[in-house]
Amino acid sequence: MGGLLGQLAGAATSGCEIVTEVRSSRVVDPSGAAPTDIYKLMVGAIVPRPIAFVSTQAEDGILNLAPFSYFTACSANPPCILFSTTSRGANARPKDTLKNIRATGEFVVNIVSEEFAVQMNITSADCPPSVSEFEISGLTPIPSERVRPPRVAESHIQMECRLREIVTVSDSPMGGFVVIGEIVLFHLDPAVLVDPDDPFKIDPDRLRAIGRMGGPTYCRTVDRFDLQRPAWPL
Ligand SMILES: Cc1cc2nc3c(=O)[nH]c(=O)nc-3n(C[C@H](O)[C@H](O)[C@H](O)COP(=O)(O)O)c2cc1C
């Protein structure tokens, strides 16, 4: 027995009945839609997204800074993060951040707080590689300890990273390249810690990180609720 009937039979024997009376849904088959529309759909649906504010340095020394909200943690041992840069324009040009990481294997992920959201946004302008986004935004570069690209002084949490791997998901226009980096050093502003003697616990009310929604919209992280994870058996 194949198809939906087969699935229903399988579900019944595994003790979970699939309800067949469901409200109608609009379906979108991505193979028949424009990538710009699919992008719009995805950034509206996958929310909120944290923001990796990534500093890099070109081989000629020019400093680069740009935000990326296709971003998350992916391992704690070793500590790793990933973010994705999509290609730019109809001829799918790689972004400067990707070029710099490919060339140097190093970057810093800075966490974005409300107080410098406006400056962060300025760095997302499509400026030529010869112009540093530190200059156009007024944000302050400060030296890192283990990698060459500087940290953003205004950021309360900075993570020095070494490249582990770049995965080419697609090099078509709007396709993505996933950058996986290992965090080799964390920098934490004591002002955002619950207890300045314990570097492992961040106070979200002091950090005031922001998230990205669809379009030009952002969200704050000050309205929260707790749910304790259940033990098994329930
Ligand atoms: C909050 C925010 C999040 C962004 N997230 C992404 C992202 O996840 N991937 C991406 O390719 N571009 C993203 N962008 C756009 C890049 O920041 C922008 O293309 C930037 O100019 C890239 O700079 P670069 O060429 O110096 O690397 C984002 C922009 C903003 C404002």
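## Sheet, crossing helix and ligand shell

In this predicted model, Thr 85 has Phe 177 of β10 as its bridge partner. The two strands concerned, β5 (residues 79–86) and β10 (residues 176–188), are joined by seven bridges in the antiparallel sense.

That pairing belongs to an open sheet of seven strands, ordered β3-β2-β6-β9-β10-β5-β4 and paired antiparallel. The edges are taken by β3 (63–68) and β4 (71–76); each has a single partner strand, so one side of each lacks a neighbour in the sheet. On average, and with direction ignored, neighbouring strands are turned by 35° against each other. Strands of a sheet pair through backbone hydrogen bonds, in either a parallel or an antiparallel manner.

Helix α3 (residues 96–104) lies across β2, β3, β5, β6, β9 and β10. Its direction relative to β2 is about 55°. Residue ranges for three of the crossed strands are tabulated here.

| Strand crossed by α3 | Residues |
|---|---|
| β2 | 52–57 |
| β6 | 106–111 |
| β9 | 157–168 |

The ligand has 17 residues around it, and those that come nearest are Ala 66, Lys 95, Asp 96, Thr 97 and Ser 124. By class, this shell holds five nonpolar, eight polar and four charged residues. Which strand gives the largest share of the shell? Strand β3 does, with four residues. At least two residues each are supplied by β3, β5 and α3. Of these elements, β3 is an edge strand of the sheet, β5 pairs with β10, and α3 lies across both β3 and β5.

How values were computed. Residues are numbered from 1 along each chain as its sequence is written. This is a predicted model: local features need pLDDT of at least 70, side-chain atom pairs count only at pLDDT 80 or more; totals for chains, interfaces and linings use all residues. Two strands pair if DSSP finds at least two bridges between them. Axes are lines fitted to C-alpha atoms, for helices over the stretch in contact, and angles run from 0 to 180 degrees between N-to-C directions. Two residues are in contact if their C-beta atoms, placed from the backbone, lie within 7 Å. A residue is near a molecule or strand if its C-beta atom, placed from the backbone, lies within 6 Å of it. Ala, Val, Leu, Ile, Met, Phe, Trp, Tyr, Cys and Pro count as nonpolar, Asp, Glu, Lys and Arg as charged, and the others, Gly among them, as polar.
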